[in-house]
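These are my notebook entries on a single protein model. I record what I looked up, in the order in which I looked.

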Amino acid sequence: MNCSNRTPMQLGKNVLLCVVVFLAMVAISVGEVEPTIEFEVVEPAQAIEERIPQPIIIEVARDTAAAAAPAADPPYEVVDTGTDGVVRKSFRFEKDFGVRDALALVASMYGRNIIPASGVDGQLGFRTLSDVTFEEALRAIVGTTFKCSEQDGLIRVYTRDEYKKVLEDTERLTYRIFTLYYLTAAEAQTLITPVLSSNSKVTVSNAGSVLFPTGESISSVTGGGASNAIHDTLIVYDYPENLALVTEIIADLDTRPLQILVEATILAVNLTEDTQFGIDWTTLGSVVTGLPTTAGTAGELVRGTRDFLRSVGTGQVSKSGGLSFGVTADDVAVFIRAVETVTDVTIMANPKILAVNKQLGQVYIGTKLGYRSQTTQTNESTTEKVEFLETGTKLSFRPFIGNDGYIRMDIHPKDSSGELNVEGIPDETSAELVTNIIVKDGQTIVIGGMFRDKISARKSQIPVLGNLPVLGAAFRGNADQVVRQEVMVLLTPHIIHTPSETDAELRLDDIERKRYAAKDTLQSISRPRLAEDYYEKAARHYIEGDNEAAMKQLKKALVIRPTYLEALRLKERIMAETNPDDLKKMERILLEDLDAKEAPKFRRW
């Protein structure tokens, strides 16, 4: 088209058409117009004569091949498979699906935040994951090639080299304070060392004093002094992930230990039966001057200067009592003695003791007999060493509690009695054993026992004559003894989880029953008995609502025993209920109120 042969009006129309065509092409390119666009240009009135006979139609078409092509399938497929509120999904990946894309897909599907490091790249080694949780899917993708860590809701994925650099970054080091209640700081430090890094530091508090007087006077130098009076404490300086492991270890180990209540029963029975018989006869060269007294030796007669013939059969009769019979005729004296004794002794000891697992427990109830064990004499002084023999009931044990309800124990029960002999040296009779046992919680077992039967028959006689039938009894003495001894030790351990399992309230009730039973044994006219009776009557009147009668009985009880605490408490309670103003005027309360105002930090006792 030659623009020089056209009029200005025609040139204007062409320019307008070109602008319209350009705008139409732009609109089609952004998809906001239809593929076919039709325009009609109306000429101005003054140019009707030059009007174009037909409207100009411009068609702009898209790439029909591209518009008709279907959308490509995504390189993955995700299916929800979770039930019962558990989020589970199944994945199918196309071949050569990237690790970073897989991490992004998993984060999107489970609503989690995953940030891969710059070095995290590569392709998946698998194409499907079936019915997996988020953690399972993440572990499958990370595999052994990468490492991940979570903090503040962000999961970071690193290569192994990157992860090592992150772990060794000293700027990540921080600290945490751990307060221990059952473990000692030294024990805890030993237990957490394996999970700490080479850059870690651990500081422990000083151990408190463990000195404890056993068998010594409390005046001994065993006080704690300036030792630590707070709970054992650890300060651990390390990486956050290691501090988390330390927290788990201490939470699992610093727990209240179990206790063992051991009840031992020691039963000792001694039965001694003695039968002694003897005839002492003598022909004397002089007159018998007397028979033996209780202070003399059994069978001994006071005789003259010469014995013509003598038979001492009662030399075997050493026991006092029984039958003693003596006859004298001229120069002949006959003394007959027969004694039978039965001694039956039964001892039952029932010690109980509560101890913490693996700790030594001891209980001793008895008497300590003092005796001189050594005497050292010099030119200037004499020094004597005094030792003590412990007699009575003693129980020592150390328990080890298992997780199956059984208890292993080192145990040493002992029951003994003793006395000092004529030389001042103690003689002890004891029943004891030392053993290591395994017993079930709450089960009673016999851990030891003994039965001993000793029979002895002693005889002294004149040779030949003592062997004669019937008549031989006049020429001999007999002493028979039967000793039977039985010892049995029973043990019942109980694992105590809480202190209430010891049934202390029931034992306290038993003590109260014994105390009131002991009160009834007092004489009815004794002051303690009268005071107890008046208080008992006062308590009964108070329960029945007769406060006036209760006060009268309380006054009688307090006259006899002014410091009777229970009676004083009941008196003040009745006054508070009947006349509170009188209660406030009591000397004790007035002084306490005054002291509280004048010196609030001190009390008058």
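**Entry 1: a hairpin.** I began with the hairpin of β5 and β6, where two residues lie between the strands and Asp-152 adopts a positive phi near 55°. The model I am reading is predicted. I then looked up the pairing itself: β5 covers residues 146–151, β6 covers residues 154–159, and the two run antiparallel over six bridges. Across this pairing I found Ser-149 of the hairpin opposite Arg-156, which belongs to β6.

**Entry 2: overall figures and confidence.** I next asked how many helices and strands the protein has. The count is 13 helices and 21 strands. Of the 605 residues, 26% are buried. For contacts between residues at least 6 apart in sequence, I noted that 62% join residues at least 24 apart.

The mean pLDDT of the protein is 76, with 73% of the residues at 70 or more. I looked for stretches of low confidence and noted residues 1–7, where the pLDDT is below 50 and the model shows six contacts beyond near neighbours in sequence. I also noted residues 284–314: pLDDT stays under 50 there, and the model has 62 contacts for this stretch beyond four places in sequence. Where pLDDT is low, the predicted coordinates should not be read in detail. I therefore do not interpret individual contacts in either stretch, given that low-confidence coordinates should not be read in detail.

**Entry 3: aromatic pairs.** I searched the whole structure for aromatic pairs and obtained seven. In the pair of Phe-91 and Tyr-110, the ring centres are 6.3 Å apart and the planes stand at 40°; this angle falls between the limits of 30 and 60 degrees, so I class the pair as tilted. Which elements does this pair link? Phe-91 belongs to strand β2 (residues 89–93) and Tyr-110 to helix α3 (residues 99–110), so that the pair links distant parts of the chain, 19 residues apart. Both residues proved to be buried: Phe-91 has a relative accessible area of 3%, and Tyr-110 has one of 14%.

I then took the pair of Phe-93 and Phe-97, whose ring centres are 5.1 Å apart and whose planes stand at 35°, so this pair is tilted. Phe-93 is buried at a relative accessible area of 1%. Phe-97 is likewise buried, at 8%. Following the ring pairs, I arrived at a cluster made up of Phe-91, Phe-93, Phe-97, Tyr-110, Phe-126 and Phe-134.

**Entry 4: charges over rings.** I looked up two cases. The charged end of Arg-408 is placed over the ring of Phe-400, 4.1 Å from the ring centre. Arg-561 lies over the face of Tyr-564, and here the value to the ring centre is 4.6 Å.

**Entry 5: a three-stranded sheet and its helices.** I traced an open sheet of three strands, ordered β7-β9-β8, with antiparallel pairing. Its edge strands, β7 (174–179) and β8 (201–204), each pair on one side only. On average, neighbouring strands of the sheet are turned by 15° against each other, direction ignored. Between β7 and β9 (residues 233–238) I recorded six bridges in the antiparallel sense. Within β9, Leu-234 is the bridge partner of Phe-178.

Which strands does helix α6 touch? Helix α6 (residues 185–192) packs on the sheet and touches β8 and β9, its direction making about 25° with that of β9. Helix α7 (residues 240–253) lies across β7 and β9 and runs at about 10° to β7.

In helix α7 I picked out Leu-245. Its relative accessibility is 37%, so Leu-245 counts as partly exposed. I also checked Leu-245 against Ile-192: the two are 53 residues apart in sequence, while their C-alpha atoms are 8.5 Å apart in space.

**Entry 6: a buried arginine.** Last, I asked whether Arg-529 is buried or exposed. Its relative accessibility is 17%, and the cut-off for buried is under 20%, so Arg-529 counts as buried. Arg-529 is located in helix α9 (residues 527–543). Leaving out residues up to four places away in sequence, I listed what Arg-529 touches: Lys-519, Asp-520, Leu-522, Gln-523 and Ser-524.

Technical notes: Residues are numbered from 1 along each chain as its sequence is written. This is a predicted model: local features need pLDDT of at least 70, side-chain atom pairs count only at pLDDT 80 or more; totals for chains, interfaces and linings use all residues. Side-chain values use heavy atoms; hydrogens and water are left out. Rings of Phe, Tyr and Trp (its six-membered ring) pair if their centres lie within 6.5 Å; planes under 30 degrees apart count as stacked, over 60 as edge-to-face and the rest as tilted. Helices (H or I, at least four residues) and strands (E, at least two) are DSSP runs, numbered from the N terminus. Buried means under 20% relative accessible area, exposed over 50%, partly exposed in between (1.4 Å probe, protein chains only). A charge sits over a ring if NZ of Lys or CZ of Arg is within 6 Å of the ring centre and within 35 degrees of the ring normal. pLDDT is the predictor's confidence in each residue, from 0 to 100. Contact means heavy atoms within 4.5 Å. Two strands pair if DSSP finds at least two bridges between them. Axes are lines fitted to C-alpha atoms, for helices over the stretch in contact, and angles run from 0 to 180 degrees between N-to-C directions.
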